[in-house]
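Here are some questions about how the labels given to parts of a structure are justified. Each answer sets a value against its cut-off.

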Amino acid sequence: MAFIIIDLEFNNLEGIHRYFPNILEEYPGLEKLDLDNEIIEIGAIKLDNYMKPLEEFKTYIKPSAIPILNPKISEITNITEEDLKEGLTFQEGIENLSKLINEGDIICSWAKDDIIEIINNAMYYGYNNLNWLKNYLDLQEYSTKILAKKKSLSLKNALEELKIKVDNNKLHDALNDAIYTSEVFKRIYNSRVLKNYIIKDIYNMPAVDLKNLSEYLLDKQKINSKCPKCQVNIDIEYDFVPIKWRFVSLGKCPRCNNKVMNEVIVKKTFSGEEVYNEISTIIDEIEYINFSYKIKKMDNKLIKY
Ligand SMILES: [Zn+2]
């Protein structure tokens with residue numbers, strides 16, 4: 001079993017108007033472009049299960065979706081148009097990357113964003129040979145837990161915290177970032193603890209939070225709304241409204257007469273399927289009043305817009 005730590009750099013159109021005010025007139029196709037972040041560099045380092053480096057990987061990807069390298073990106077990453085001309089196609093690059101990965105190996109990255117972007121780019125190019133994307137470890141999540149932080153650690157803060165010497169000029173290069181991530185990993189590696197953080201099927205994992213809950217229509221067919229004690233359907237008194245990260249409804253159990261709060265968390269898998277996670281809890285009168293007040297407030301807000 002080996003670990004393959006992946007890091008990517010992207011090009012995108014964020015703030016590009018400042019540099020190219022007429023870019024949409026010049027490239028009318030960009031307005032409808034179905035890709036926010038185009039991968040322009042892939043870096044990776046492979047470690048064995050004693051944390052010994054086995055192989056390094058780095059390649060530029062020749063852009064085909066976004067024709068202009070955003071000067072802001074160029075400044076952050078030091079990547080030039082010249083570098084990209086030498087690049088591989090996305091298909092070639094990702095294929096070469098996948099050669100590093102054997103059955104049972106674990107793919108790692110600092111936060112899941114890079115994995116999401118691999119899938120987004122693959123979808124854009126109609127590339128569907130991602131079956132190597134299976135076992136996965138989010139090193140940001142793992143480090144944040146191991147170092148007992150409440151908020152998600154940035155790679156930079158993790159390096160500082162572990163007193164790893166960093167050459168700031170070398171950050172934001174895909175291979176260097178992968179190597180720095182591996183330095184963090186080495187210091188907090190614990191094969192026993194780690195097992196609890198490995199995701200077996202990242203492609204079908206409910207991972208992506210829905211962005212705009214107030215515009216989302218809940219599929220009631222996927223919701224049970226049962227009393228956790230009696231397993232009978234509850235009589236809904238306040239129907240589902242989005243409150244912060246989830247949908248909440250309130251009702252009463254016709255059998256035991258308890259007040260029941262029902263929460264539904266909706267997540268998307270990388271393959272696009274929506275997964276409902278439902279939690280029913282018996283609550284007391286005070287909690288009930290509290291939540292009914294919140295629901296009414298939310299309801300008014302939703303009607304206003
Ligand atoms: Zn009941």
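Q: Which residues coordinate the zinc ion?
A: In this predicted model, the zinc ion is coordinated by the SG atoms of Cys227, Cys230, Cys253 and Cys256, at 2.2 to 2.4 Å. Donors must lie within 2.8 Å of the metal, so these sulfur atoms count.

Q: Why is the site of the zinc ion called tetrahedral?
A: Four donors count as tetrahedral if all angles lie between 85 and 135 degrees. The angles among the four donor atoms here are 105 to 115 degrees, so the site is tetrahedral.

Q: What makes Cys230 and Cys256 a pair that ties together parts of the chain?
A: Cys230 lies in the loop between strands S6 and S7, and Cys256 in the loop between strands S8 and S9, so the pair ties together parts that are 26 residues apart in sequence.

Q: Why does Cys230 count as buried?
A: Buried means under 20% relative accessible area. Cys230 has 18%, so the label applies.

Q: Why does Cys256 count as partly exposed?
A: Partly exposed lies between 20% and 50%. Cys256 has 22%, so it falls in that range.

Q: How do you know that the buried residues of helix H4 are on the same side?
A: The buried residues are Phe90, Gly93, Ile94, Leu97 and Ser98. They cover an arc of only 135 degrees around the axis, which puts them on the same side of H4.

Q: How do you know that the length of helix H8 agrees with the expected span?
A: At 1.5 Å a residue, the 15 residues of H8 should span 21 Å, and the end C-alpha atoms are 22 Å apart, which agrees.

Conventions: Residues are numbered from 1 along each chain as its sequence is written. This is a predicted model: local features need pLDDT of at least 70, side-chain atom pairs count only at pLDDT 80 or more; totals for chains, interfaces and linings use all residues. Side-chain values use heavy atoms; hydrogens and water are left out. Donors are N, O and S atoms within 2.8 Å of the metal (3.2 Å for Na, K and Ca); water is not among the atoms, so sites may look incomplete. Four donors count as tetrahedral if all angles lie between 85 and 135 degrees; four count as square planar and six as octahedral if opposite donors are over 155 degrees apart and all others between 65 and 115; anything else is irregular. Helices (H or I, at least four residues) and strands (E, at least two) are DSSP runs, numbered from the N terminus. Buried means under 20% relative accessible area, exposed over 50%, partly exposed in between (1.4 Å probe, protein chains only). The arc is that of the directions from the helix axis to the C-beta atoms. The expected span of a helix is 1.5 Å times one less than its number of residues.
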